[in-house]
Amino acid sequence: MFLKNKNLNRWFWKWHIMGGLITLPIILLLSVSGIIYLFKADYNDMVYSHILLVEPPASNSEVVSYQAQLDKANASSSRHVMQVFLPESENHATGFRLHGKGHSRDILYINPYSGEITGEVKQKQTLMYKIRKLHGELLLDTPGTLIVELVASWFVVLIITGLYMWWPAKKFSIGSFFSVRRHQGRRIFWRDIHAVFGFWLSVFMLIIIAGGMPWTDIFGSQLKWVQEKTQTGYPEHWRSTKGLASELKGVDFFYDGLSLDEIVGLANKQNLKGKVTIKLSMEPQGVITISNRSFWLRDQKVFHLDQYSGSVIKSYDWSNVGILMEMRQVAMRLHQGEYGLANWIVVLLITLAFTVSTAGGLASYLIRKPGGRWGLPKTPAQFKVGRVLFFGILFLGLLFPMFGSSLIILWLYEKVIHFKQRKNILATS
């Protein structure tokens, strides 16, 4: 049987409480905003159904050509169309993403049967976009992203320390995996709610955190660097067209490129599944990119075409994508509940249960906390950080730089407090 070190347990307890108190408000905010964001598709379908959805005609009348729809979109706005989102079903409108400052998210929708504009969705002004910004960066841009990364990093540590503290010190029983003591006082009740829920949620929460970390600034940049160095990310031209060019047919005369209908025809020949996007060329020698976002990653492909001849300059399928990127994409999709209804329900229930567990931990602490003090457990003077623990902390600090930086700041803060206390003792002696 695994025997716990009592001194190490108290040391973990101290840092678990400190980390929990520091991160608790943000953790609860991320949980609530994450739960709301899970309903993104349902909300958008409800609020923007008059723009996104169309009614197919009863008769077998021909649809308006894609080129005519594109001309209509360009004529209706001072900004030209950058991308085209093909309808995913006969009930969907065609989407035309408009060029704008920065990363424009304004999409104009056209009824493919009547050719009429159904409306424009300015995604940066939608509620769900704001919820996502709140969830990912607390509406504070880069500073907010760093705070979220710090909290997520600490949360990994909270899970590790929590599991160690929860493990029975002496008597082990299967019942402890499930039981919540209801008749031994409020503190024990809430402590068990926090511990039991936390144990069962720990693995799932680590998966959810893994799906969110690639969006962070520092850890995400490190992961991208590792992918580039190990060639385990996207191929060079999966998303970028740098270095690719269409062949000009003449120098002194204008050569018409492919029509949008011809491009769509080339895309249809590939039998692409899911949402198909066509990125149009903005330059005379630019290329056209056809890609899709499918339910299964293995069905995703990318084609870069010569905008004049339609010949394939570069093409990729998912077999060309590295293992780290595949793991990253799976984790990110699980994080957002994108793998079907079962995944969506599991993420929702886990997040709700985690919120209850967090509230239980806070209630237990507040009941136990002495008045006027933080009530942090005292680490025995003889406790020393062993080699294994030291290198474990070092590993986590390097893996999660925001955690490592905060640990140094907390360590320095403790040293300053001890120094002041010793100075006061010497001054009064």
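**Helix contacts and ring pairs**

Student: At what angle do helix 8 (residues 218-230) and helix 10 pack?

Tutor: This is a predicted model in which local features need pLDDT of at least 70 and side-chain atom pairs count only at pLDDT 80 or more, while totals for chains, interfaces and linings use all residues. Residues are numbered from 1 along each chain as its sequence is written, and side-chain values use heavy atoms, with hydrogens and water left out. Helices (H or I, at least four residues) and strands (E, at least two) are DSSP runs numbered from the N terminus. The axes of helix 8 and helix 10 (C-alpha fits over the stretch in contact, with angles from 0 to 180 degrees between N-to-C directions) are 9 Å apart, and the packing angle is about 145°.

Student: Which residues of helix 10 meet helix 8?

Tutor: Contact requires heavy atoms within 4.5 Å. Helix 8 contributes Leu-223, Val-226, Gln-227 and Thr-230, and the residues they meet in helix 10 are Leu-324, Met-325 and Arg-328.

Student: Why are helix 5 and helix 6 described as they are, and what is the term?

Tutor: The axes of helix 5 (residues 127-137) and helix 6 (residues 141-166) come within 7 Å and cross at roughly 55°. In helix 5 the contact involves His-135, Gly-136 and Glu-137, and in helix 6 Asp-141, Gly-144, Thr-145 and Val-148. Angles under 35 degrees are roughly parallel, over 145 roughly antiparallel, 65 to 115 roughly perpendicular and the rest oblique. The two helices are therefore oblique.

Student: What type of ring pair do Phe-295 and Tyr-339 form?

Tutor: The whole structure holds 19 aromatic pairs (Phe, Tyr or six-membered Trp rings with centres within 6.5 Å; planes under 30 degrees apart are stacked, over 60 edge-to-face, the rest tilted). The centres of Phe-295 and Tyr-339 are 5.8 Å apart and their planes lie at 85°, so this pair is edge-to-face.

Student: How many residues apart in sequence are the parts that this pair ties together?

Tutor: Phe-295 belongs to the loop between strand 6 (287-293) and strand 7 (301-306). Tyr-339 belongs to the loop between helix 10 (323-335) and helix 11 (340-368), so the separation in sequence is 44 residues.

Student: Is Tyr-339 buried or exposed?

Tutor: Buried means under 20% relative accessible area, exposed over 50% and partly exposed in between (1.4 Å probe, protein chains only). Its partner Phe-295, at 39%, counts as partly exposed. At 17% relative accessibility, Tyr-339 counts as buried.

Student: How far apart in space are Gly-404 and Ile-393?

Tutor: Gly-404 lies in helix 13 (residues 401-428) and counts as buried at 14% relative accessibility. Gly-404 and Ile-393 are eleven residues apart in sequence, and their C-alpha to C-alpha distance is 8.2 Å.
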